[in-house]
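Hi,

Here is the structure I said I would pass on. Have a look at it first, and my notes follow underneath.

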Amino acid sequence: MAGGPRLVCPLCRTLVIDGTEPLPGACPGCGARYAGGAADAPGAVAAALAWWGLGGLDADRVSGGLFRILPGDPLNSSVTVTSDRRDGFYRWWVFVAAAATPADVLARAAEYAP
Ligand SMILES: [Zn+2]
């Protein structure tokens, strides 16, 4: 039996989406904002940057930086990427903590890019 997409908040582990197609929104558990929804992480970052009106940031640099933020880094609790779960494939989403500003934390993430 096939279930619909499931998206779990990477910041608080609340089940955000269960069985419906995710749209950009906010986590009901911690209020983190999320956007993206592309088949790969750079695409999801590009979609999230567009959603938040941050066209001045380079999606590839932000994406590359996000994957270099170590779990113990304080920035990791403010911005992170995750994938949803669905049959046979998944889509990527960018989560920004409720207390953080997407423009700020995504610009800081880009600084981690090689
Ligand atoms: Zn959450």
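**What I found**

Let's start with one residue: leaving aside residues up to four places away in sequence, Trp-93 touches Leu-7, Pro-22, Tyr-34, Gly-36, Gly-37, Ala-44, Val-81, Thr-82 and Asp-84. Bear in mind that this is a predicted model.

Trp-93 also turns up in the largest nonpolar core, a set of 31 residues. Along with Ala-32, Ala-44, Val-45, Val-94 and Phe-95, Trp-93 has the most contacts inside that core. Two or more core residues come from each of β2 (15-18), β4, α1, α2, β5, β6 and α3, and α1 gives the largest share, with seven. As general background, nonpolar side chains in soluble globular proteins tend to be buried together.

Now the last helix. Which residues of α3 are buried? In this helix, residues 102-110, they are Pro-102, Val-105, Leu-106 and Ala-109. Looking down the axis of α3, you'll see these fall within an arc of 95°, so they line one face of the helix. They pack against β4 (33-38), α1 (41-51), α2 (59-66), β5 (79-83) and β6 (92-96).

As for the whole protein, there are three helices and six strands, and along the sequence they run β-β-β-β-α-α-β-β-α. The radius of gyration is 13 Å, close to the 13 Å that the globule rule gives for 114 residues, so the protein is as compact as a globular protein of that length. Its C-alpha trace spans about 45 × 25 × 25 Å along the principal axes. Buried residues make up 37% of the 114. Of the contacts with a separation of 6 or more, 49% are between residues 24 or more positions apart.

Cheers

Definitions and conventions:
Residues numbered from 1 in each chain as written. Predicted model: local features only at pLDDT ≥ 70, side-chain atom pairs only at ≥ 80, totals over all residues. Buried ≥ 20, exposed ≤ 12 C-beta atoms within 10 Å, placed from the backbone. Helix = DSSP H or I, 4+ residues; strand = E, 2+ residues; numbered from the N terminus. Arc of directions from axis to C-beta. Contact = placed C-beta atoms within 7 Å. Rg over C-alpha atoms; globule rule 2.2 N^0.38 Å. Core = buried A, V, L, I, M, F, W, Y, C linked by C-beta atoms within 7 Å.
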